[in-house]
Every structure is written in structure tokens, then in C-alpha cells.
Number of protein chains: 2
Amino acid sequence: MTPRVRIVGTGLIGTSLGIALSRAGYAVVLSDPSPTACALARDLGAGSLAAQGDPAPDVVVVAAPPDVAGEVVAGELDRWPEAVVTDVASVKVAVLDRVRDLGGDLTRYVGSHPMAGRERSGAVAARGDLFDGRAWVVVPSEESSPAAVDAVRAVASAAGGTVSTMSPTDHDAAVAVVSHVPQLASSLVAGRLRDLSDPAVALSGQGIRDVTRVAASDPQLWTQILAGNAAAVREVLAHVHAELGEVITALDGLADGDGVGAREVLARIVAQGNAGHARIPGKHGAAPTAYTTVVVLVPDEPGELARLLHDVGDAGVNLEDLHLEHGLGQPFGLAEVSVLPAVAERLADELLARGWRLHG
Amino acid sequence: MTPRVRIVGTGLIGTSLGIALSRAGYAVVLSDPSPTACALARDLGAGSLAAQGDPAPDVVVVAAPPDVAGEVVAGELDRWPEAVVTDVASVKVAVLDRVRDLGGDLTRYVGSHPMAGRERSGAVAARGDLFDGRAWVVVPSEESSPAAVDAVRAVASAAGGTVSTMSPTDHDAAVAVVSHVPQLASSLVAGRLRDLSDPAVALSGQGIRDVTRVAASDPQLWTQILAGNAAAVREVLAHVHAELGEVITALDGLADGDGVGAREVLARIVAQGNAGHARIPGKHGAAPTAYTTVVVLVPDEPGELARLLHDVGDAGVNLEDLHLEHGLGQPFGLAEVSVLPAVAERLADELLARGWRLHG
């Protein structure tokens, strides 16, 4: 039997999911407050428009904005008394609490969070492979029935996601640390650039570019996300705020006083960052690996970076990571090629032999 | 006449500078408290060992650690009464103050800050092209003579740096914002990962990877840098600390109270980050450009990324930036190819025609 999925909300996530599930053989119907958005999603191959007399869905996926997800989930639970309902909001405790407050049948509700594409929005940006290889966290409550959890895992899997399971509290605490607090830190650091002179901003190097890349994100969406995870985010921020206070006190001591103990504080904060950074998993969720970096000077002309990476591939070396750094006022950039330590020396030799200039 | 340069301190910066200046035709002599380090620098082509009876240098470059640079500069000013003396420490007011306190002749002292390679250290990591195309800020005091400033600019230029000039106060205020505060923010965010469970850390995406990349930096060096720029860094941090406090109060209101006004605070902080981020210069110090990103699925095999970039080059399109994002548990990654908006559509068409799968 073809599983029937109803998708409520045809933005980027809902439409992409519709395309993915339709391709996987699901019968998908689409619903959205905007008839135009819904018709666009249909035209993109995300499913058919919901209509009177449709058979009841097996699974409803609520892909509404985080601040209305709870209401919509509760409404769908009421409307389809046999269906399993999930949502895709990036915060989970707030949605669950709202569904509970509204008296929704929690045995049939299982939250989920596909960690995919937020920088663009709307159905026009939708792709059937949006979830391929991305983490999709399935977030049951204590009341969720095992059958409901299985149904949501099956949908996540069929969409291409790499499925894991977490409790709502654990999920929200995790994304506070790995997503919401980094976003705020990035925004706060970037905000300091507003009043700087042009020559001062011109000293920006790769460090601040990396730290502030996510500072370009949408304020409205992030307000919803942060507000929806207020309790977990403030707990992490309280630690950051206290440590920042320690740093300021240490700097006060160095600038105005005798600075006794101040260097210990600074060294400890940077060392703690080393320890935390080392925990981030390597490629493919494998254990973190210390890669060796070979830095190559690349002329800023079409095809030069391709030629470099062609030469890397020709050497039989797999690229683990790549960073580009642009020269200031110069017609070339630096490519930092990260590879397994065992092959770095051979790669460097091969590149030199092919006429590349290596760096630092 | 061949200009004579004396380099005091043969670590990464001093040795790299010696190699660069020797290649540029300068007569370089080397001095370091460690005879072994000094001999290694000489063997790498950085210059000859300082000896009794050497002619007086025209310019002395002090490449000692930031916390002793002032003492060493004052000593060199005394020892060579005709020479111009500069240093390469990444903080400038503290060094100048120390030289003044020690009674050094400030007309002949001009600070400088080559913004190059700090992630590796020691003479073994030295390269003659370390400064090529990197910003090199020349930092005169009010007392510096024009001739001394010219001499230091000439050395910076000969080493390959892109030279600009700033006052000590402006320099330190600028690097506090574009380098020192981002480093601290990155360390503080990364530090929060220490106590997280493995499944929670596994949710780390590209955002936190970017924000925390510089958190891998050396605690000892950063303690010296932050301590040396304590006054400017704490001023920037005071703003960040206050705004962070505002965010926490807003989140408190959302978690426990009525949250009136809270969303305005969150939206404002993220919007300020947008505005600050937009000021970071584009490639080659040009005005920031909004690039369009084409996202391509790349199989994780040697040569595949090269093939992609070859195809980009073949299409006659210049790559402005490139980010790699690794799939979680999947044998491919996403390559975010940034190009000028005018060519993005054509590039997407060309890539599709060559069989690439595009994404979101």
C-alpha cells in the first residue's frame, strides 16, 4: 500500500519534502494558507492539492513557521484521528508544550528536526535532495507511541535524511550549543563592525570572515527560533556571559592594575576553546581527525583552482577540507588543502613538481 | 647601496622576513637568544649570523614575542644610534608605551604589524612568500620621523606586504574588533562543546564549524596578544557583554514572563550583525559584493571536486569563493560555489548540462 502523507506548509522545507517523498513513491497532498504557494509547490512536483474527499493521511507533516507549529499540529491531530503527526520546527520543547496545552493526542505526535537549508527560503528554492545526507533528528515525547515514532522515522529516511533520535529537552539543549549560541555570537561580533572606519574594516582577515559568516542570516526567522528555545539558549548564554565577565575583569586588571591572575583567565578561556573545538566530528560523522594543511598560492584566474584540485586528484590524494583565503590587493589567493597527515608530504612534493608555489 | 637589515628574533615571522628580504637584495643579519634557532634561520636562507664588526644596520626589525618586544626595541635603539627600528608585534600601543618608558629615541622607532601566518610557528615553518599580498600595517607614533616611516614602509613593501598606515591607537582598536574579539567569541562558543554528549555534538553543522575554526589557536600566544591589547579589547567586549546581557534578559522574559519587547531585542541583535557583516570587504579589498551561490553535490572521491572546478573554469566563470560542507554519514559533500550574480544562471545551466546535481 502506498503511504499517504499530508504536508501542511509549502515553504522551502515542506515543498522539498513533498518532492522527495513523491519521488520515493509516497502519495503526497499539499496544504498551505496561501493558494498560490500551494499551487507553486504542486507545479514543482511536491504532490497534489488537498481536496474534499481525500482519503485520510497516514502521516501529517507540519512545515509551518516555528511560532505557529504547535497550533497547527494540534489542529491536524484533531482533524485526522488516526494519523501520526510530526512537525519540522528547529525547536522542540515549545512545540510539544503547546500541543499538550491545546489537548492534542500526544501518542500520535512525534516532533522532528531536519537540519537542512535555511539560508534560502520559499518553494522556489526547494529541491528534492535537500535532506540527502543531512541529520534528521526524530524527537518523541514520553507519550509518543512506538508505532508513531516508526512512522516518522520512515518518512525522514525516505526523504534521504540521516535519522537519529533524541528527547525534546536533549534536542533543544544540543541545538542551543551547536546552532543558536554560535548564531548569536556571530551576530554580536559582526555588529561591532558597524562603527569601524573603512581602513579598520579593511584589516579583516579569514578569522573574522569565518566567525561572522552566519551573521548574514534572516533576523525574523532567528527571532522565532531563539524565542522558541529561550530556556535552553539562556542557560548556555549565562555561562558565556559569566566567562566574558571574567575576561573583562582580567583585562581591567591588565589595563589599570597589577593584572595578577589575569593571564591565567585568558589562557584558560582559549584552552577551553581548543578542547571544545577538538570535539567537533570530522567528515561523515567520523571521529575528529587532525588533518595536515598544505597551503598553495593560486592565481586568481578562471580554471586555476580547478587545475590545482585536478593535480591533487591526480596525485591520488583525497581532499578532506578546503579553505580559500583571498589576498589583499593581490591577483591570487591561498588555498588551504587539508589532507590526511600520512599523504601530506607526498602531496606537497607532487604539487611542487607540477610548478605550484607552496606557502607557510 | 645595498640596504642593511638586522632581524632580532628568528621565529616564523623573523625567518620568513629574512628570506624575503635576502631575495629582494637586502643584506640581512640575524640575531636570536637561541644560537640553534638562529643557525636554522641562516640555513634556510634568511641571512647571515650577526657578528662582531658587522657594519651598523640601516633598519632593525624586532620579531620577538609581543610581551618582550618593547624591551628589545629600546635596547636596539640604544645600541644602533643611527638605525631605524621597527617591530612586528600584533599590538602596538603597549610596545610604544614600553619603548617610551625605557627612554628609547622615538623619532627612530616605527611600529609595524604584518598580518600573516600565525597558526604555525618557528623557523621551520618559514617561507619567503609569507607576506605576499597580506596586509602590513605601518604604525608611526607622533614622534616618528618621516624618514623612519619611509624606511619601514620600504622594508614592508620589499617583503611583499600590502602596506597601509595607521596610528597606534587606531590600529589596536581595529584589531580588537576584527581579530581579538572574534578570537575570544570563537573560544567561548567552542568551550561550550566540552560538556555536550556525543550525539549532541554530532548535530554540529557548518555554522558552528565556521564560528569555531579559530578556536584551535595557541593559548600562550593569544594570552600575550590579548594582554598586550587589554584596553582596546575590553572596550569592545564591554559592548558585547552588555548586548549579551540584553539578550539574556529578553530570553528570561520569554521563558518565564510575558516577553514584552523581547523579540525586538533578538531581531535587533541579528539585524545589527547583518549590517556589520555587510561591511567586510570582498576579494582584493574591493567593495563587498553580494555573490550568488550555486550549490553542487560532489561525490567524495579523489578528483571529483577538481572535475567540478574544471567545469566551472571551462564555463569561463571565475570562482569568487568556495565552501565545502560534508554530508553526515554520506559519501558526498556539498560545494557552495560563489560567483558574480550575472553569471550564476549560466553556470548552473552549464553544470547541469555536464551532469552535476545542483542543490537548494
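In the predicted model, strand β1 (residues 4–8) of chain B, helix α1 (residues 12–23) of chain B and strand β2 (residues 27–31) of chain B make up a right-handed β-α-β unit. The two strands of this unit, β1(B) and β2(B), pair in the parallel sense over 5 bridges, and within this pairing I7(B) has L30(B) of β2(B) as its bridge partner.

Strand β2(B) also pairs with strand β3 (residues 48–49) of chain B, again in the parallel sense, over 2 bridges, where the bridge partner of V29(B) in β3(B) is S48(B). Between these two strands, the chain passes from β2(B) through helix α2 (residues 35–43) of chain B to β3(B), in a β-α-β crossover that is right-handed. Strand β2(B) thus pairs with β1(B) as well as with β3(B), and 4 of the 5 residues of β2(B) are buried, so this strand is largely enclosed by the rest of the structure.

Burial is also found further along the chain, in helix α4 (residues 93–101) of chain B, where V93(B), A94(B), V95(B), L96(B) and V99(B) are buried. The elements that cover these buried residues of α4(B) include the helices α3 (69–79), α6 (168–191) and α9 (219–228) of chain B, together with the strands β5 (84–87) and β6 (110–114) of chain B. As for the spacing of residues along such an element, an α-helix has 3.6 residues a turn, so residues three or four places apart point the same way. Just after α4(B), the backbone at G103(B) adopts a positive phi of about 75°.

Technical notes: Residues are numbered from 1 along each chain as its sequence is written. Chains are lettered from A and ligands numbered from 1 in the order in which they are written. This is a predicted model: local features need pLDDT of at least 70, side-chain atom pairs count only at pLDDT 80 or more; totals for chains, interfaces and linings use all residues. A residue is buried if 20 or more other C-beta atoms lie within 10 Å of its own, exposed if 12 or fewer, and partly exposed in between; C-beta atoms are placed from the backbone. Two strands pair if DSSP finds at least two bridges between them. A crossover is right-handed if, with the strands pointing away from the viewer, the path from the first strand over the helix to the second runs clockwise. Two residues are in contact if their C-beta atoms, placed from the backbone, lie within 7 Å.
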